[in-house]
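Let's take a friendly walk through a protein model together. Keep the picture open as you read, and turn it whenever a new part comes up.

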Amino acid sequence: MRLFTRAAYQRPLPRLTERHDLQQRIRDFLKVRTSYDVLPLSFRLIIFDTALLVKKSLTILIQNGIVSAPLWDSKTSSFAGLLTTSDYLNLIQYYWQNPEAVSRIDQFKLNSLRDIERAIGVQPLETVSIHPEKPLYEACRRMLESRARRMPLVDIDDETKRSMVVSVVTQYRILKFVAVNVSETQLLRKPLKHLKLGTYKNLETAKMETPVFEVIHQLVNSAISSVPILNSDGVVTNVFEAVDVITLIKDTNYDNLNLNVGEALQKRQDDFPGIYTCHIDDRLDTIFDTIRKSRVHRLVVVDEDNRLVGLLTLSDILEYILLEGEGEDGKQE
């Protein structure tokens, strides 16, 4: 388990109006930057044709160490959405509800995933994308509105005049870009409990003995990406993530879904980075510093005895710096 050290309070906390001013400076920065600015100088992009078999897409994801990929419809030569771990969770739900269909799962193609969503009664995720030259602020707003953690960048080819996928921008990459380039994040010294950042009620949890299928139901029904694992004293011992499911069903070995959480987590890759925790008294500037230094997707909020208190996601942080203190017209209140 990886922890980050809480910083000492060395300067006075900014007043409410000052804090809103700091957020406005971050927003102004995002309004003059584009998604192109966030992309690394060199990167790899993998795009799946919707006619590809689901089992082959799973193999490619694992081989390349990625958890999502843009989809492309070769028949219409158009962007067709984003394949994520949610699609595989839906497939597992379908298998659970229709065990007689397991023999046909290997023949499912990516273009059948929407049929699976309808079959299990899941609301299809909105297919969102943005032009890479649009302001980064607009990309952030669109991600929050659609509850997307990542969003493809779609441009128009100058020669063919057809759409083309350039890359994918993620909440983590955006927040790290802000943490590295905007000095105002160091001035956000209010602790989480004052900012009311994170979720602290009705949290989904599990134990090492909990069946994996049960945790998958929690992930799907609550539309979340992780479930904290607690011992009998409420102490956080681990986190089961949606991406853990991909490892379990590699080589289409659906028997692994019959394992319990403890057995499933033993199958993680050796390079798993661990989980990040924080305290309710930790300040937002220290959390931005953690994002700047480490690849963080969420933080588990714990007390002094490491018992679960809440969860802080990147969506919570992004929503705070973009929307806190703004009116419906997007202007500061």
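How many disulfides are there, if a disulfide is a pair of cysteine sulfur atoms within 2.5 Å? By this rule the count is zero. Before going on, note that this is a predicted model, in which local features need pLDDT of at least 70 and side-chain atom pairs count only at pLDDT 80 or more, while totals for chains, interfaces and linings use all residues. Residues are numbered from 1 along each chain as its sequence is written, and side-chain values use heavy atoms, leaving out hydrogens and water.

Cysteine 140 has a relative accessible area of 0%, so it is buried (buried means under 20% relative accessible area, exposed over 50%, and partly exposed in between, with a 1.4 Å probe and protein chains only). Cysteine 278 is buried too, with a relative accessible area of 0%.

Cys140 belongs to helix H6, residues 136–146. Helices (H or I, at least four residues) and strands (E, at least two) are DSSP runs, numbered from the N terminus. Among the buried residues of H6 are also Leu136, Tyr137, Ala139 and Met143. Right after H6 comes arginine 147, whose phi is positive, near 60°.

Positive phi values turn up in loops as well. Lysine 161 is not a glycine, yet its phi is about 65°. Look for lysine 161 in the loop between strand S5 (150–156) and strand S6 (163–170); with a relative accessible area of 61%, lysine 161 is exposed. Asparagine 202, again not a glycine, has a positive phi of about 55°. Its place is in the loop between H8 and helix H9 (212–221), and at 80% relative accessibility asparagine 202 counts as exposed.

Now find two helices that pack together. Two packed helices are described by the angle between their axes and the distance between the axes. The axes of helix H4 (residues 85–97) and helix H5 (residues 113–120) come within 9 Å and cross at roughly 50°. That makes H4 oblique to H5, because angles under 35 degrees count as roughly parallel, over 145 as roughly antiparallel, 65 to 115 as roughly perpendicular and the rest as oblique. Here axes are lines fitted to C-alpha atoms, for helices over the stretch in contact, and angles run from 0 to 180 degrees between N-to-C directions. Which residues meet? Asp87, Asn90, Leu91, Gln93, Tyr94 and Gln97 in H4 are in contact (heavy atoms within 4.5 Å) with Leu113, Arg114, Ile116, Glu117, Ala119 and Ile120 in H5.

Next, is helix H12 (residues 284–293) largely enclosed or open? Seven of its ten residues are buried, so H12 is largely enclosed by the rest of the structure. Among the buried ones are Leu284, Ile287 and Phe288. Their cover includes helix H7 (171–181), strand S9 (276–278) and helix H13 (314–323).

Finish with two single residues. Threonine 247 sits in helix H10 (residues 242–248) and, at 18% relative accessibility, counts as buried. Leaving aside neighbours within four places in sequence, threonine 247 is in contact with Lys267 and Gln269. Glutamine 23 lies in helix H1 (residues 16–31) and is buried, with a relative accessible area of 0%. Not counting residues up to four places away in sequence, glutamine 23 touches Tyr320, Ile321 and Glu324. From glutamine 23 to serine 103 is 80 residues in sequence and 53 Å in space, C-alpha to C-alpha.

Notes. A disulfide is a pair of cysteine sulfur atoms within 2.5 Å.
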